[in-house]
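Reader: I would like to see how the descriptive words for a structure are earned. Can we go through a few of them?

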Amino acid sequence: MKVLLSWLREFAPIDCSPTELAEQLSDLGLAVESMDRLGADLDGIVVAEVLALRPHPDADKVQLVEVDLGDGEALQIVCGAFNMAVGDRVPLATLGTTMPNGMRIERRKLRGELSNGMLCSATELGLGDDHSGILILPGTPSLGTPIPEALGIVDDVLYDLEVNPNRPDAMSVAGVARDVAARLGVPFTQLDPQVTTAGADLGGRASVSIHDADLCGRFLARVLDGVTVGESPAWLANRLTLLGMRPINSIVDISNYVMLELGQPNHTYDLAKVSGGHLGVRWARDGERIVTLDDVERTLTSGDGVIVDADDVAIGIAGVMGGASTEISDATTSVLLEMAWWQPMAIARSSARLGLRSEASMRFERGADPEVLELAARRFAQLAAEAGATLAPGTVVVDGDLPDRSPIAVRTRRVSDLLGSRFTGEQIRGLLEPIGFGFPGPADGADGTQQVAIPSYRFDSATETDVVEEVARMHGYSRLGSSMPPAARFGSLTPRQRDRRLLREVLVGLAVDEAMPMPFLAPVDLERTGLPGEAATLLNPLAVEESVLRTSLRPGLLRSLAYNASHRTTGVALFEIGKVWTPDPHGGMPAEREVLAVALAASAAGGIGDDAAARHAVRVLDTLVEALALHGITLEQVAPAGLHPTRSGDVLLDGVAVGAVGEVDPAVLAEWAIPERVAVVELDLDALLAAPHGERPYGKISRYPSSDIDLAFVVDDTVSAAAVEATIRAAGGDDLVRVALFDVFRGAQLGDGRRSLAFSLRLQATDRTLTDSEVGELRQRVIDAVAAAHDATLRS
């Protein structure tokens, strides 16, 4: 739907800028697809008269046109359109003109012939969508007259709006103006054309009958005499052109103009050609035929509506197209004017079946306004009177079945709930009354319910939800805010499942593959692994090799490493998350726990030194602890069952053992025939994940340079690296941002039962660059603390 700003201003005093108006239209649900400014880019385009038409000597798709600009000289134009005749007045873009699309007109030679300008179509002038031929100017405007003056074009703005099917009222200029006026808070003034009647009364000259009330809800007829069929005035033809309709003649143009302005399609009959002056409405008969205005004979069905004359002969297809037998012609002097409200679905079916979708049928399909018929007839008569026509006294109005428009109960609370914003009854009333909704009852009933009367031009609004949508539209969708309504979530992960998935992702990221051994073991597997042999025994195992429930994941992982080694695949890293069962000493059901185990073969661990595998296992443990954001994890150097006596220990959570880490005892590896060192990480997930975790305090990031120092301490083998690291961290304070063990060394020069632990320390302050003296002071403080706590000496 296209509308002109100047036309909207005839209904409401709109004084905002064109851009602001476009924003308001879009917010009202009438999305502005384009906005064109008119009249400002037509300088240099003038009226010319066609003097002669000649074929191009060297081209078939263009012709030579000689035109006169009023100076008596013939000017040759090469043109690709062929819809002109000698004597037509046409728009000519003269040399040097810049067209609305930015193209500059220059003298050019086309296939050997000079073209001294360009004849323009309506599209090239920005006056519509018709680009099928040159625009033939109505009347006889003076030669050389600027096109804006000849067409009565003033500076204007043309909006192209997207109108959804649920907005029949917006298919008219008046309907759009009503919405805009309500949004801007300015008065909307409907037309009230005053027409003087004259001549013979309508009674006895025309009559109407509705045989099928379910087809037509209301039918109005009036008669105009003294009609002269000719060209429309320039202002009216120009408006039709801008809104995409081609001017045809004065009567047809008025009919289209009233439809665009008020949204009411209408049809005109040559009264002299209507048998008995009678118009009847009924459903067509199967096989009934009619020749329509496009000179096509059409076969109708019982689902089509027809208008018939006094002889019951079809003279029009209801709401779709008139018949050729009663068409207006140059000889017409009296016009029978039809204004009707048709059942929307009937028109939709007929137009779709016949392939005759028009501007009129589109409006009938969406639901026209049965109360605007009399106003539209008077507006038609007012425009026709300017050409000398007179309106005969009397009006014929016959009603059929109109849709029920009883008030709708609208709950204030329901409006607020659906829109997510709080509204009062008075607010709802204030938003809807300016667009014609009525409130026959109190502003707000005791239970928050109001009775809302739907205006006749809003056929789409029939339920409480429709009214709520209008409240949202007039309030402004952009003002409602946005929020995601809560929805039921099905199949979401529990916190435990998310933690388990996180651990899997971290281990896979560390290049550790997941294994899924059987949970059943042979009776000797636990002893081979260095673990206690007590385990729950199955009553009816499938095989002796799978007759006990595992108490640890370690045997299954070692079996997998052994299998890979037997196939010359070494350096394998595996993990498993699974259940283990601890037997009840009193003979009851075994206790079930979920644990995590990681097994790292030596080449998978990498590194140099006898304890490279154990150190890699500690790094994996640190990564898992960091991923879970666990606090209070420490290591205690002990000799867990089945692990190396000096390269393993317990994992403590707040002083309580929750797992083990370290290298597998070489005797165990020999039992499993594994030819390389293996380190393991074992964690009790039930205990670990029950502790507070996931909280990550974020500290300030320093912008200042850091300093790295390395310190190697010689300590007894009984002193764990974790204990030394804890002492370093305590002594370093806030300026110590990172500590990492990077080397463990044993040698005769260190003495029996002693080893060297080398740590890398990173020092960095958050508020300044540490000076050399501050770094030296902190270094000495760390050395003194470690020496005092662990009887350590600094290795030079």
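Author: Gladly. This is a predicted model. In it, helices H21 and H22 are oblique to each other.

Reader: Why are H21 and H22 called oblique?

Author: The axes of H21 (residues 721–732) and H22 (residues 772–790) cross at roughly 140°. Roughly antiparallel needs an angle over 145, and roughly perpendicular covers 65 to 115. The crossing fits neither range, so H21 and H22 count as oblique. The axes come within 9 Å. The crossing is right-handed.

Reader: What makes the contact between H21 and H22?

Author: H21 contributes Ala723, Val724, Thr727, Ile728, Ala731 and Gly732. From H22 come Leu778, Arg781, Val782, Ala785, Val786, Ala789 and His790. These residues divide into 9 nonpolar, 3 polar and 1 charged. Gly732 is in the contact, and Gly counts as polar.

Reader: How do you know that S1 and S10 pair?

Author: Two strands pair if there are at least two bridges between them. S1 and S10 (residues 156–162) are joined by 3 bridges, so they pair. They run antiparallel. Lysine 2 has aspartate 160 of S10 as its bridge partner.

Reader: What makes S1 and S2 edge strands?

Author: The open sheet has 3 strands in the order S1-S10-S2. S1 (2–4) and S2 (31–38) each have a single partner strand, so one side of each lacks a neighbour in the sheet. Neighbouring strands are turned by 20° against each other on average, direction ignored.

Reader: Which helix packs on this sheet?

Author: Helix H2 (residues 18–27) does, touching S2 and S10. The direction of H2 makes about 160° with that of S2.

Terms used. Residues numbered from 1 in each chain as written. Predicted model: local features only at pLDDT ≥ 70, side-chain atom pairs only at ≥ 80, totals over all residues. Heavy atoms only, no water. Axes fitted to C-alpha atoms, helices over the stretch in contact; angles between N-to-C directions. Helix = DSSP H or I, 4+ residues; strand = E, 2+ residues; numbered from the N terminus. Parallel < 35°, antiparallel > 145°, perpendicular 65-115°, else oblique. Left-handed = near helix turned anticlockwise from the far one by under 90°. Contact = heavy atoms within 4.5 Å.
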